[in-house]
Amino acid sequence: MAIKTTSFASGGDGGRAVAGEKKGFRLNAFTGLIAGGLGYLFGHWMGNAIAGGYQQVIGSGQNDIAILLGFIFGTIGWFLGLGILNYPLKKMAGIEPPLEGYEFEPGVMKYFRFTLDNKVVGIQYLFGMLFYFFTAGLLALGIRTELLSPTNHIWGPATYLEIVGEHGTMMMMMMTSVVMGPFGNYLVPLMIGSKRVAFPRLEAAAFWFTPAAYIILLSALWQGGFQSGWTGYAPLSIQQGVGQDAYLFSFALLGFSMITSSINMTATIINYRAPGMRWSRLPMIAWGMITVAFTMLLSVPILIDGLYVMGLDRSVQTAMLYAGHGGSSFLWENLFWFFGHPEVYLLALPGFGLTMEILPVFARKPLFGYRTAVTGMVGVAVLSFFVWQHHLFQSGMNPDMRPLFMLTTELISIPTGFIYLVGLGTLWRARMRFDVPMLFMLAVFFNFLFGGITGVYVSDVPVNVTVHGSYFVMAHFHYTIMGQLIFAVMGAIYYYAPLYFGVKLNEKWGKIHFWTMFIAFNSTFLPLFALGLLGMPRRVFEYAARLQHLNQWVTVSSYVLGLSLAFFVVTFVWQLAVTRPKSPLNPWQSRGLEWQVGYPIPPGNFDKIPVILSGPYEYGDPNALPVADLTPAEPSAVGVSSGGEI
Amino acid sequence: MTTSNKSSEFTAAEGRSHVKKIIGIWLVVAIIADYFVWFVYGPHMPPGAMTDQARGQQFDIKVISVMAIPVLLFIWTFGFYSIAKFRGGKDRPDGYYVKGNVKTQTAWYVITATLVLFLAGFGTFELIVPAGAGGGEGPSPIWTPSTPVKLVVQVIAQQWRFTYRWPQFGGMETTSINLPINTEIQFDVTSIDVIHDFWAYQLGVKADANPDVNNVAFAKTLQYGRFTVRCDELCGIWHGAMYNYGKVVSQTQFYNWATQMQRQNASVTKLLPKFALTYTPSYTGAGGGYYPSGDPNGTAA
């Protein structure tokens, strides 16, 4: 198959070819899988050769060193097989490699390759994210099925906890990492007027970490799973079988993905804005992405440190997380939640960014209080680093810090409230259009309100005694994550389908999807608050018989929710692959710069670096300038920052 | 794009009329909701009033609810009113061109900040007054009861059961728990393997059971009745089955039960490791064997 491989000059000029092309076989995901499998076998063999005679391995029959080395070499093989390491390895060898460029390539094979086009990477992320989400969603249905009865079991306790752990870990870590991908990678360069992202290799590599993590995490099911849940508290996580190694290694891979993705996003937004793209004109999605990127950069390394410690405790018998042998189980709790609580906001911030981006388009009004919105997002990101101990109010750690963490946790309601002010202000005397994306955005505000207000209960130490570790907390975070982020993502898919695929998804089907999902979501998760207040702890396969009816209601509602999402998958794939209802250009009459470039978007995004003339939300102002001049005569004459052209 | 917005379409009088309607609707529904929450549902709210701590938590839930529900209702009222009134269409002009309002924004900042700071102060007061509010305070509690502790119960968690040691009754160990009425009780919670959590729901007590840590919580019993004990931290396969029940009984009944158990268990008590605040699993003591943490090999025992 003839593949175009071009090279381009360094800097921000995107994909302009400066060297010739060559033809031949190109590495892809399938060669990556083969190399990854071989790498795993090599690493496992090496681990057995090294540690097969260790006392603890002989005694337990469990060689964590072999498993972890298998994962390490498997991942290296995966990257080699994909061709991700070709460029740096050749550079290190003193060979000047050709740079693979952005030349348009028809067909779907490009989505299975390491590619430098931010739009291809964005679509890889979109489908990857949906795949991970639906896998974890199926696992959730498994959990709910078990809970149909308080005493009769479908799975048995071990399998039940394996499913619980897989569901939680996949939802939290896979969604966390990838949520920046479909929208940040695809949209941010278009929104800020850049031809490319700052570090296209890091951007692409960040995605290709995720399938490896997905496979490794799921492989735990065939290795006895891990019964520590996604929180992985030690010493339970040290006590577990080799399935726990899959947990810690896949989580670490996602950590690397988050870091690489964040470095790229931060550098892109700071350095690659087009002339005229002031901070005060930056679209809300870009604000969502840069705040989440900073949060990731500061919190994820702590998680990786913790996972490293856990790996050492498990494999070479250090005792850093094990009380009684010089370590402390508090260490992991602190390391984990120092990452874990900012992570909750990693999920919320992109959702808020999407919501505030889309709301003005359908309200036909400017975003109310732009600076308030930005302050809210920055405030949430900053405060998220000072609240982690509210997960540990009952842990027995130093109690005199509790008033402080109660205060910081409640303070975070203030910047979150800013976002509600912005939302309500934008609806005030609007001319709302209730297309499917708008319905989802309104639902974001409705759902998150439950999550936000119940957060006040959780943060109050006395009330926390009742609700901590119960279904109340579970309902709370499902409202903040699924009720907010997933609804925002769904709305954004309907909104951006014309831009991504040239397809306008059917409104009637979209509304059926929305209403069934909205009703079923609330019917599933609202009763969980009551279950928690009535004393039902999380992650139990048996519960009080008096709670059976509520649990059955929740389970049936979750099936309807699953059907609603299945309906979306079928209609989405059907329309993309079969009917392809053509969309007019900019069907929502958006002012966003990303909508001004037409469809299909050229590989380098813009023919010329645009000059930004006004903000993206000037709806209702008859005198507003167009958002940008797409064909400026002399971009450099504007005298503003580089905007991606060096 | 449509940009035929004219300021005459959006008069100030019309705006004030909308505001009055929204506030009027909100006030009515908020007052009704708060009345219902405080007077009708409030007395029955979890976790009940079996102890001073549980009663305090119930009070906190009520107070937060009567403050939170008007906030929720305001946003709902505003949102639903807007959806009903501010509708547009593809052939209709754009909405009101306004990018901010200093008075509105300032009012919002002040009101939300005031609410949040009040709740933080209130929560802190409620944390301190009922001696840690029933939560585990670690080995050195700083919020202790104003009345003397009359009974100490050590809760030992292990996969997958709770046992209780009674230092005032010869260090005996029981698998069930009874508590006397009108008594200030100190729970010393620890674990001999992984992290568990001692959650006595109706007592309003929750404390993580950590290996090698003594996590202290207090409760003063006020009502007779049965209470549920559940593990509230994931602790392995049988976490879901790690629960039992206890009772709050009269002081006489409790004393009779405890002395009877002390006599009945005397021969077993002799075999137990010496009472300590924490224990460490023995290196070879599979099946629940454990020793005081100062003597992890059990040499002294």
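**How the domains and chains fit together**

In chain A, 21 residues of domain 1 are in contact (heavy atoms within 4.5 Å) with 27 residues of domain 2. The model is predicted, so local features need pLDDT of at least 70 and side-chain atom pairs pLDDT 80 or more, while totals for chains, interfaces and linings use all residues. Residues are numbered from 1 along each chain as its sequence is written, chains are lettered from A and ligands numbered from 1 in the order in which they are written, and side-chain values use heavy atoms, without hydrogens and water.

The two domains of chain A, whose bounds come from an automatic or database assignment, cover residues 26-96 for domain 1 and 107-579 for domain 2. Their C-alpha centres are 30 Å apart. Between them about 2000 Å² is buried, with carbon and sulfur atoms giving 72% of that area; buried area is the accessible area (1.4 Å probe) that two parts lose on being put together, summed over both.

What links the two domains by charge? One salt bridge is found across this interface, a salt bridge being a side-chain nitrogen of Lys or Arg within 4 Å of a carboxyl oxygen of Asp or Glu. The side chains of Asp64(A) and Arg314(A) form a salt bridge, with N to O at 2.9 Å. The interface also holds six residue pairs in polar contact, both residues at pLDDT 80 or more. Such a contact is a pair of N or O atoms within 3.5 Å; within protein, one must be able to donate a hydrogen and the other to accept it, and residues adjacent in sequence count only if both atoms are side-chain atoms.

On the domain 1 side of this interface in chain A, helix H1 (29-51) and helix H3 (64-82) each supply at least two residues. The largest share, 10 residues, comes from H3(A). By class, that side has 14 nonpolar, five polar and two charged residues.

Chain A as a whole has 20 helices and two strands, counted as DSSP runs (helices H or I, at least four residues; strands E, at least two) and numbered from the N terminus. Along its principal axes, the C-alpha trace of chain A spans about 75 × 60 × 50 Å.

The next interface joins the two chains. Here 93 residues of chain A are in contact with 100 residues of chain B, and the buried area is about 8100 Å², of which carbon and sulfur atoms give 67%. Within chain A, the residues that lose the most area to chain B are Trp428(A), Arg429(A) and Arg431(A), together 11% of what that side buries.

Three salt bridges are counted between chain A and chain B. Arg364(A) and Asp94(B) form a salt bridge, with their closest N and O atoms 3.4 Å apart. A further 30 residue pairs are listed as being in polar contact across the interface of the chains, both residues at pLDDT 80 or more. Helix H15 (residues 413-427) of chain A gives the most to the side that touches chain B, with eight residues.

Chain B is assigned two domains as well: domain 1 (10-86 + 98-130) and domain 2 (151-280). Their centres, taken over C-alpha atoms, are separated by 40 Å. In chain B, 10 residues of domain 1 are in contact with 15 residues of domain 2. The area buried between these domains of chain B is about 960 Å², and carbon and sulfur atoms give 57% of it.

Technical notes
Nonpolar A, V, L, I, M, F, W, Y, C, P; charged D, E, K, R; others polar.
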